[in-house]
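User: Hi! I'm new to this and would love some help looking at how two chains meet. Could you pull up the model?

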There are 2 protein chains.
Amino acid sequence: MTEHAPALARAATDARAFALANCIRALAIDGVEAAKSGHPGAPMGMAEAATMLWTRHMKFDAARPDWPDRDRFVLSNGHGSMLLYALLHLTGFEDMPIEELKNFRQWGARTAGHPEYGHAAGVDITTGPLGQGLAGAVGMCMAEAHLAARFGREVVDHRTWVFCGDGCLMEGISQEAISLAGHLKLDRLCVLYDDNGISIDGATDKAFTEDTTGRFEAAGWQVIACDGHDVAALDDAITRAKAETARPTLIRMRTVIGLGSPNRAGTAASHGAPLGAEERALVRQALDWANEDFSVPAELLAEWRAAGARGATEREAWEARLAALPAERRAEFERRIAGEMPDGFDAAVARARESLFAEPQKVATRKASQIALETLAEACPEMIGGSADLTGSNLTRVKAVDSDFQADSPEGRYVSWGVREFGMAAAMNGMSVHGGVIPYGGTFLVFSDYARNAIRLSALMGVGTIHVMTHDSIGLGEDGPTHQPVEHLISLRAIPGLTVFRPADAVEALECWELAIRSRRAPSLLALSRQAVPQLRGAGEENLSARGAYVIRQFGESRDVTLIATGTEVALAVEAAEALHAKGHGVAVVSMPSWELFDAQVPEYRAEVLGTAPRIAVEAASKLGWTRYVASEEDVIGMDGFGASAPAEVLYEKFGITGDAIVARAAALIGAAS
Amino acid sequence: MTEHAPALARAATDARAFALANCIRALAIDGVEAAKSGHPGAPMGMAEAATMLWTRHMKFDAARPDWPDRDRFVLSNGHGSMLLYALLHLTGFEDMPIEELKNFRQWGARTAGHPEYGHAAGVDITTGPLGQGLAGAVGMCMAEAHLAARFGREVVDHRTWVFCGDGCLMEGISQEAISLAGHLKLDRLCVLYDDNGISIDGATDKAFTEDTTGRFEAAGWQVIACDGHDVAALDDAITRAKAETARPTLIRMRTVIGLGSPNRAGTAASHGAPLGAEERALVRQALDWANEDFSVPAELLAEWRAAGARGATEREAWEARLAALPAERRAEFERRIAGEMPDGFDAAVARARESLFAEPQKVATRKASQIALETLAEACPEMIGGSADLTGSNLTRVKAVDSDFQADSPEGRYVSWGVREFGMAAAMNGMSVHGGVIPYGGTFLVFSDYARNAIRLSALMGVGTIHVMTHDSIGLGEDGPTHQPVEHLISLRAIPGLTVFRPADAVEALECWELAIRSRRAPSLLALSRQAVPQLRGAGEENLSARGAYVIRQFGESRDVTLIATGTEVALAVEAAEALHAKGHGVAVVSMPSWELFDAQVPEYRAEVLGTAPRIAVEAASKLGWTRYVASEEDVIGMDGFGASAPAEVLYEKFGITGDAIVARAAALIGAAS
């Protein structure tokens, strides 16, 4: 590893760049000191790289952070957030006045501990959970490549720059991302790797001694090694990355974490805690930095602001090129970037509904999903589909997207993600924040586990990524408990801001898809069955799934019991209700495709749907959580433990998820109530 | 890729091996046909490799599947389960008569769709969720290396063999596993990679074109490429793997998926569906296999049985060596393998309790966990600690384990897992099923997301892996919502068979650790705080946490309200109870460190603890699920959405998790009740 003093000397060789970089260092240190928490080490170690990238290479215009053709910047080592906040402030982003830096990590500030998408313009994606920034960047590049192919290089011609640390590369998701990026030859992707040999527990050689260069080269990347404090070398490396046209680039920068801190540089002590007043004084001495806290000399700030304005000309030229596009192409591009629905969407939905009412479908809800997609994906050209190597099972491929997205066909609308659920979900998030596309991707519901933190991030960011999860219960059958979700529905419903859909039939599947596609500021997850269900819904124009739950059947005038069910169990509940009705009971069956949407309804509607009679919930999944709607878990016909390997119908029988069980419980409740 | 006919011809070169391999093919095909579902492709493609490994190299004794020094076999591509079942049957494992194969994938059979640990001796680990078998094998090798260092090569001297496919290597966890295995120079690990170029969606080159050899070499592995149907080449490759003493080995076998099936070999069609009667007939023709279904010619079965008995001599020699060990070492080895607690454990627990009562600790529960570990890890030499690069945060390192487990120090008891939560959890499962060690590993609770499916597998397998998860709420503070768990507690409680502990103070932390260590047939997860809490518990011998919940404070004679809290919120509930009591109300405070243990108590105890007064739950986490114990989510003082970045005390205030909020809700409930 590079040592402190010589590294500092090399950084100082270019006095101007060094002074600019020290603005970042000083602000990062001050922010962390003021907050009494945070991570100074990464900003100090990557200050030269950030300076060279942001002042000389990256295409952006601080005055127009929403410029669609700007380069994207991803701080995958998100704990170094002060690096990004310092850059945004220095280059003049309106959202990032010095007060925000002073308020780092405080309630209501835009400067959260880790960069949060939506808090401040210039934060292109939420990062912090390691490795996901890198995977998100892959998605951004995929969106860029796709839009460039669709709308032309005259309006889509940008790059994605990633800063990452050792932690990101230790996480398995990084391999999913780099393998896919290499496969897709994403030449617009450049990762600057902060190879500082230090992670939280000390020297990385305690756990991480692989040949990173060899690993990336094996994945088809260009790898450039350089000294991360030598600005000329950095300039050259970045220039070479930009010149590369067939591969993504890794710039492996040998750096010193916490560079500038005489006692902490090169050690884990500089990683995740304030330096303290004493050490800060020593840093200032070492950097020849004699300014007040949070203060940058006017001439340096002016240079930084000039860098922030540097892209204005290019942005204006881009606007002219956009204006010169053929009207239709331009309008379509602007619509997509604005995230507005296409004109024909409503009509397409109506058409698809009509078709289901004209010809009811008794199919698995995954098949119903495919039927819905046939129409909707055609009406919605920004949709990009895919699957984590389960296309034939997820049924995510339809005619409109029946074109492979590959290195030589970026206009394609279907991504073969490989068996990479986490990478897929995180990259889809990158596509979502990039804009211009609506990504959806499939796997088995049980493997939502693998992708879980990316699903969470889609909810935290508030982006409309669509997660398609089939084989949603023990109905999966023979593959057995490793493949049968049990706890997944409740676990996913627990993620704030995620809408979980479990449609009951072909009509609900269409409705849920419509809602998911329209939901551009919240992610959706569709839980879909392997096994077939009858179509329960008759004609009607309203999207009843939009209410989250509704009475799908009423037997008799009164209501002695209410059966609440989701997905494949709605048909079972209807059967049981018929049997109960035959015995003289009044029964309402409530289909509840989405808890979240139901809970968002007005209290009167909720009260009306739930009724005052005893309630039973039916779902072939964990009973946990259903006491939100029923009195006790004894009133839930569901699962108490893991599933098993056997044909689906045997499993339903053995685990007691049967019409008889519903009838028995209902009889007990009605008996008790009367 | 190798083509079918020439590959078949090469396989047939060694007539005897070919015939043996065809026993596997025939049984796999028959099993899948009978079940009408399953995966014939992998068993057919890996039949030569399995034959060579099991008949000539792997050390095992079918009559003694629990022989501790046997080689371990991991079918990481678990969908090829019929391969393993066929091998177990052919070599004569008592648990695997032909009836089990005929009953493949049926209710009650030992032959689940994917290999399930505990269903049949010889299934060394549950596999199916891709990549985790490989990571589990890394843990097995770590356990082996550790035990060998502790007890000597005369009794611990075995290898771990892994079969894996493309899917395993696409999953990110595989990189975590291979990177760590290379770093640790696990020379007893050999992975036979079924490089058949096919995954479910077709040719792997749609998504997976990396240079696998380069990738493994970059991680420090020996890579041997060979033809997977050339038994001489396989024999040679396996021999070389055994001779290697400084690196793990990858045998990259070029194979034809579904070899033997004239129309499906080399295509995805052979992967995951029965071949059908017609194609099966063609296979039999191609393989010159003229036997009845599920029938193997006597002379071939005899050969296989001989292979299964081949290890008996070696096993007997091992028994003699074990008997010759010094008595103390032998007794300790046998105790560990049996999974029995050490003699001094009870006394150590008692000592640690006394110490806490003598000198109460006001500390974070992560610190309390460390205090408990100081004593318990010393009393329990089979415990191996570690952290995913958060040692100083998780406080998982204590004196007894203060020795690095590294390539040159396998006797060490502390693993630097790197930032690899999923790999860590899966490898710990491998250590657990291997036996002889009790692994525990730390990360932040929010990153349980990354490890989630491995946590699930520890529960499904019923093994006592201990997951240590600190920074368990918004109490984490400034790092913000990406790092603050909200939905995690309920999501983890939803996993069947996992015991989630959230101790309230130093005494409960000790009690929960005691329970976790004693729990050898179910995994435990400890959720621990960043912030300090007072010690609430006074002297007393009973481990009250073992009951899951108990009345920790009673104010007044009567009970007007019951406050149920967990972890750091118990102290808050106690404060609120004091305030309520000052207003003249009788209040019981229930500490509930574990839902699972509480729900397992007798109804009388549960009723007594919960009482009949109105109840309020207090937990700085999602309210979802608490209606198991309280009437409505309005009675939960908890979180409705994600957290935020700010100091912890500010967050508790802003999110309304305060004594005042508890008092206000209690007053409302008491008012309504009176």
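Analyst: Happy to! One term before we start: a salt bridge here is a side-chain nitrogen of Lys or Arg within 4 Å of a carboxyl oxygen of Asp or Glu. Also keep in mind that this is a predicted model.

User: Got it. So how many salt bridges are there across the interface of chain B and chain A?

Analyst: The rule finds 8 salt bridges there. One of them joins Arg452(B) to Asp449(A), with their closest N and O atoms 3.2 Å apart.

User: And how many residue pairs are in polar contact?

Analyst: Across this interface, 57 residue pairs are in polar contact.

User: Which element of chain B gives the most to the side that touches chain A?

Analyst: That's α20(B), with 8 residues. By class, the side of chain B that touches chain A has 39 nonpolar, 33 polar and 25 charged residues.

User: What area is buried between the chains?

Analyst: About 7700 Å², with carbon and sulfur atoms giving 55% of it. Trp107(B), Tyr450(B) and Arg456(B) supply 10% of the area that chain B buries against chain A, more than any other three residues.

User: Switching topic: how many disulfides does a search of the whole structure find?

Analyst: The search finds 0 over all chains. Take Cys226(A): the nearest cysteine sulfur, in Cys190(A), is 9.8 Å away.

User: Why is Cys226(B) not bonded to Cys190(B)?

Analyst: Because their sulfurs are 9.7 Å apart, too far for a bond. A disulfide needs them within 2.5 Å.

User: Is Cys226(B) buried or exposed?

Analyst: Cys226(B) counts as buried, at 6% relative accessibility.

Key: Residues are numbered from 1 along each chain as its sequence is written. Chains are lettered from A and ligands numbered from 1 in the order in which they are written. This is a predicted model: local features need pLDDT of at least 70, side-chain atom pairs count only at pLDDT 80 or more; totals for chains, interfaces and linings use all residues. Side-chain values use heavy atoms; hydrogens and water are left out. Buried area is the accessible area (1.4 Å probe) that two parts lose on being put together, summed over both. A polar contact is a pair of N or O atoms within 3.5 Å; within protein, one must be able to donate a hydrogen and the other to accept it, and residues adjacent in sequence count only if both atoms are side-chain atoms. Helices (H or I, at least four residues) and strands (E, at least two) are DSSP runs, numbered from the N terminus. Ala, Val, Leu, Ile, Met, Phe, Trp, Tyr, Cys and Pro count as nonpolar, Asp, Glu, Lys and Arg as charged, and the others, Gly among them, as polar. Buried means under 20% relative accessible area, exposed over 50%, partly exposed in between (1.4 Å probe, protein chains only).
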